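Q: I have a few questions about this one, on how the chains relate and on what sits around the DNA. Can you put it up?

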Number of protein chains: 2
Amino acid sequence: MEMHQVRYFLALSRTLNFTRAAEECHVAQPSLTRAIKQLEEELGAELFRRERNLTHLTEFGHRMLPMLQQCYDSAASAKALASSLKAGNVAPLSIAISTAVDLALLVPDLTELMRAFKGLELRFLRGTREQIVDWLKKGEAEIAVAGPLGESWDRLDSWPLFTERFSLAVSAEHPLAGRKSIDLTELVKERLLIRTYCELVSEFIDFFKSRQLQLGICHKMGAEPDLITLIEANLGVGMLPESTTKSGRIRLVEVEGVDFKRTIYVYGVAGRQRSAAANALIRLLRAGDWSAHEAA
Amino acid sequence: MEMHQVRYFLALSRTLNFTRAAEECHVAQPSLTRAIKQLEEELGAELFRRERNLTHLTEFGHRMLPMLQQCYDSAASAKALASSLKAGNVAPLSIAISTAVDLALLVPDLTELMRAFKGLELRFLRGTREQIVDWLKKGEAEIAVAGPLGESWDRLDSWPLFTERFSLAVSAEHPLAGRKSIDLTELVKERLLIRTYCELVSEFIDFFKSRQLQLGICHKMGAEPDLITLIEANLGVGMLPESTTKSGRIRLVEVEGVDFKRTIYVYGVAGRQRSAAANALIRLLRAGDWSAHEAA
DNA sequence: AGAATTCGATAGCCGGCGGCTATGGGGCGG
DNA sequence: CCGCCCCATAGCCGCCGGCTATCGAATTCT
């Protein structure tokens, strides 16, 4: 079954006249006649009853009409959507963001971006390092914002934005809440909430091992807001990057002897064309003022 | 946009590998490559991002996928339905029946027909003489059962079934109910219900005119059951063919001097192939025993 | 009745398009 | 480093869908 046969069939089912249907399709009448014949042969039954001025669809043709109509319509709407996409340029911008990065960091630049690209549609993908690299590879995300993604893929274009310190976050009701700083050994006694989604989590664990320190009971958290909730409820404490938005019911405490830092990067894929919006966002992020978070 | 391009596109969007998609479609890889290129050119944007083992749909390709899938699916289901129709032979039989003919007349033969053609689907069209001829012309009905359709179309194949008399039907409460026969002049004083849908209605009117008789107030009825209802309610009387099914609350009275008859025919269209079921029904009807209705 | 018109089918020609093979080039893995 | 995998390109060939011309039959007009 070929598309032109479907087109001719639909025209003929409207006009019920081979000559006029052919005109409508801008072909000669014998071409249309032959196409209909072929279609009938392929389907195994007559579609039309030819009777000069009484030509009409057979019962069989009647049954075929809706499906062939749908076939043609969906092809037509595909073309229509294609040209509307090209005209309106409504290509959405997909951004992968590490679960360990606070979206609030991007808000000012996203606001600016939306001002520049009216009607731009954003799509946010949240996940771990592995997922982010996968999304970039498969083109499901055009750019990504995350901590270090390692050497997992050499086609990553990366631009550092800023480097920030971690510090201990505790509930306002927590015994340590009033302290300005504590010692590393004090931390071990606490119920520490592990940010399993953090790019540096394995380095973090290794850090304790290298100091011969045994961590106590830890909850493994899968999302930053969940972690914040538990800290607020005083069910644990957590080492949080300073850029993370924290509520008023949380206090920050410096931990002596821990000089843990992370760098946030914006990533793209080398050798892959990016949309104008994606390039603009990269430019905005790189030009942004990150001094509020920058470690001394 | 051609069907093979759509087919190749769908295969490629599954495999994400030009070589394997080509194998799936049983064509050489360059053929598929070219087809995809053409499709992309027609739609005005790239459908795939070619990256060896990371080849994937672009955002644009993602948007096109559902519609092209639907396009292909509906073509496929058209073919599927076609072969299932051919195998199961479930072509419905469309029968046009005059509003003036009681369906009960056909019931015995229809019962027999259904026994012979298990799973046969019937479609009944009810209408006036003009509608019936139109349905036959346009192929919307394969056969028809009605009174005389006139010389309106010379391609009508017609077979008479029986000829029957008309007589006067009145309510059991009507003054004439007890009478065996009345004179034509008595009829004129009654409120006569006119069967506008009857093939013989104009002949009927002409009959009165030719006798110089002025009809009184008449209701114009559009359907036989409505007419029966009004007679039962004693809101009028009607000249009904004897084959019409009447309830127990209706009495028949002969009208002297009126020898009005109608013949019921089964019709087909000359030079048009009929389904086996249609031919069988014609045969059944012609072979039927109509003596119960036949005028003396 | 005869002429003109309409409508679909047929015959036959031609060019383009979709099929193929062979091959190139570039990136990835052993 | 070699070989393989994957896609693109070049170029050839045969089919298929386009066309014109024409016919036959049925319908309409004169």
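Q: What turn and what shift along the axis lay chain B on chain A?
A: In this predicted model, a turn of 180 degrees with a shift of 0.0 Å along the axis lays chain B on chain A, and the RMSD is 0.2 Å.

Q: How are the two copies related, then?
A: They are related as by a two-fold rotation axis.

Q: Which C-alpha of chain B is nearest the axis?
A: That of B:C71, which lies 2.2 Å from the axis.

Q: How much of the contact surface of chain B recurs in chain A?
A: 100% of the contact residues of chain B recur in chain A, so the same surface serves both copies.

Q: Now the DNA. Which residues come nearest to strand C?
A: There are 18 residues around DNA strand C, and the nearest are A:F18, A:P30, B:V27, B:A28 and B:P30.

Q: Which elements give two or more residues there?
A: From chain A, α2 (18-24) and α3 (29-43); from chain B, α3 (29-43).

Q: And by class?
A: The surface near DNA strand C has six nonpolar, eight polar and four charged residues.

Q: What about strand D, which residues are closest?
A: A:V27, A:A28, A:P30, B:F18 and B:P30 are the closest of the 18 residues that surround DNA strand D.

Q: Which elements supply at least two residues each near strand D?
A: Chain B supplies them from α2 (18-24) and α3, and chain A from α3.

Q: How do the residues near strand D divide by class?
A: Six are nonpolar, eight polar and four charged.

Notes
Residues numbered from 1 in each chain as written. Chains lettered and ligands numbered in written order. Predicted model: local features only at pLDDT ≥ 70, side-chain atom pairs only at ≥ 80, totals over all residues. Near = placed C-beta within 6 Å. Helix = DSSP H or I, 4+ residues; strand = E, 2+ residues; numbered from the N terminus. Nonpolar A, V, L, I, M, F, W, Y, C, P; charged D, E, K, R; others polar. Least-squares fit on C-alpha atoms with pLDDT ≥ 70 in both. Contact = placed C-beta atoms within 7 Å.
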